[in-house]
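Trainee: I am new to this structure and would like a close look at a single part of it. Please take one helix and follow it out to its surroundings.

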Amino acid sequence: MTTNVSIIGLGLIGGSLALALKRNPELIITGFDRSYKSADEAYRRGIIDSVAPSVKAAAKEADYIIFAVPVAATVQLLQEAVTWDMKSSVIVSDTGSTKKPIMSAAQGLIEKGITFIGGHPMAGSHKSGISAAIGHLFENAYYVLTPAENGHPDDLERMKTLLTVTRGKLAVLDAAEHDQMTAVVSHFPHIIASSLVNMLSSQEQGQPFVRRLAAGGFRDLTRIASADPVMWRDITVQNKEQLVDQLDRWLSEMHSVRKMLNESDPDSIQQFFDDAKHFRDNLP
Ligand code: NAD
């Protein structure tokens, strides 16, 4: 028996997910993207089995619908999806980097009796678009699922079974917890990376040579500042509360660093670096 999976949004994540899911020969993968060029490339490269003419057509016969569009578009499409014709047994999911606003946007569908399970494959790249899609992107990376409060455990098992071929590490989390943790490990570091690059750019005016010295460490630390600004605008807006909290913590940390420097306190400075090194060296 075949199973129809529709992927809405055929960029880095949607394309990579389609490639990974194609390891299961029982899945028929339909794709839709508002960019016909992306959908066409996905079809020509054999990443999807067919291109749907519209998002509604993609949803109609699907057993699974996965939104892999930017988070603001995911919220909008989930709200619109309440009026779409879908199988009553369908499982709807997404790949967005925020979960609380997306779970809220899915509330209308959930109230209609449609199963929605939020998803966030925690692997990616600063590259975007279908041309960057690779089938092994999710291997050994956490793939977070955020089921609705009253969701049926069997549906969660069905979703996990579908995703097994991604070879990701499936983890079930509460949406609020997810947003709090991703603010620390992903969203806030993006703000810091971009701010370091903006600082370099502003200081380059007086010292044109400084950009040439921005090698090794600076490049490692700021690689993620090359990610898509629109995607990060949307994520930042949706996870604003957690990010303001992280920013307050960061400012307080920077105040103590400033105090240590002003007081020329080498022991405290060494302790600061020691603590970070110890923790960093023991990260999995
Ligand atoms: P991307 O820019 O590579 O792809 C997004 C695709 O969605 C594009 O092809 C675009 O044309 C399409 N699209 C946009 N709006 C649409 C709409 N209304 N209808 C149909 N198609 C639409 O982005 P991506 O990196 O694949 O990110 C997709 C999602 O996955 C985002 O929600 C992002 O938060 C999440 N995510 C990204 C990463 C990463 O590192 N890039 C990692 C994990 C999760």
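Which residues of helix H11 (residues 229-238) are buried?

Mentor: This is a predicted model, and everything below should be read in that light. In helix H11, which covers residues 229-238, the buried residues are Trp232, Asp234, Ile235 and Gln238. They lie on the same side of H11, because they cover an arc of only 160° around the axis. The face turned away from that buried side carries Pro229 and Val237, which are exposed.

The next matter is what the buried side meets. The buried residues of H11 pack against four partners: helix H4 (71-80), helix H5 (100-105), helix H8 (175-204) and helix H12 (240-262). Two of these partners, H8 and H12, also pack against each other, with their axes 9 Å apart and at an angle of about 65°. The crossing in which H8 passes H12 is right-handed. On the H8 side the residues that meet H12 are Asp179, Gln180, Ala183, Val184, His187, Phe188, Ile191 and Ile192. On the H12 side they are Gln242, Leu243, Gln246, Leu247 and Trp250. By class, this contact of H8 with H12 divides into 8 nonpolar, 4 polar and 1 charged residues.

H12 has a further neighbour in helix H13 (residues 266-281). The axes of H12 and H13 come within 8 Å and cross at roughly 140°. Here H12 passes H13 in a left-handed crossing, whereas H8 passes H12 in a right-handed one. Glu253, Val257, Met260 and Leu261 of H12 make the contact with Ser268, Ile269 and Phe272 of H13. The residues of this contact of H12 with H13 are 5 nonpolar, 1 polar and 1 charged.

Back on the buried side of H11, H5 is another of the partners. The loop between H5 and helix H6 (107-111) holds Ala106. Ala106 counts as buried because its relative accessible area is 0%, and buried means under 20%. Leaving aside residues up to four places away in sequence, Ala106 touches Leu78 and Phe116. From C-alpha to C-alpha, Ala106 and Val75 are 7.7 Å apart in space, although 31 residues separate them in sequence.

Two other loops are worth a look for their backbone. Asn140 sits in the loop between strand E6 (115-121) and strand E7 (142-147). Its phi is near 65°, a positive value in a residue other than glycine. Asn140 is exposed, with a relative accessible area of 60%. Arg167 sits in the loop between helix H7 (153-163) and strand E8 (169-172). Arg167 is not a glycine either, yet it has a positive phi of about 65°. With a relative accessible area of 48%, Arg167 is partly exposed.

As for the whole, the secondary structure comes to 13 helices and 8 strands. The C-alpha trace spans about 70 × 40 × 30 Å along its principal axes. Of the 284 residues in the protein, 41% are buried, among them the four in H11 named at the start. Among contacts between residues at least 6 apart in sequence, 73% join residues at least 24 apart. The accessible surface of the protein comes to about 16,100 Å², and 54% of it belongs to carbon and sulfur atoms.

Methods:
Residues are numbered from 1 along each chain as its sequence is written. This is a predicted model: local features need pLDDT of at least 70, side-chain atom pairs count only at pLDDT 80 or more; totals for chains, interfaces and linings use all residues. Side-chain values use heavy atoms; hydrogens and water are left out. Buried means under 20% relative accessible area, exposed over 50%, partly exposed in between (1.4 Å probe, protein chains only). The arc is that of the directions from the helix axis to the C-beta atoms. Contact means heavy atoms within 4.5 Å. Axes are lines fitted to C-alpha atoms, for helices over the stretch in contact, and angles run from 0 to 180 degrees between N-to-C directions. A crossing is left-handed if the near helix is turned anticlockwise from the far one by less than a right angle, and right-handed if clockwise. Ala, Val, Leu, Ile, Met, Phe, Trp, Tyr, Cys and Pro count as nonpolar, Asp, Glu, Lys and Arg as charged, and the others, Gly among them, as polar. Accessible areas come from the Shrake-Rupley method with a 1.4 Å probe; for residues, only the protein chains shown count as cover.
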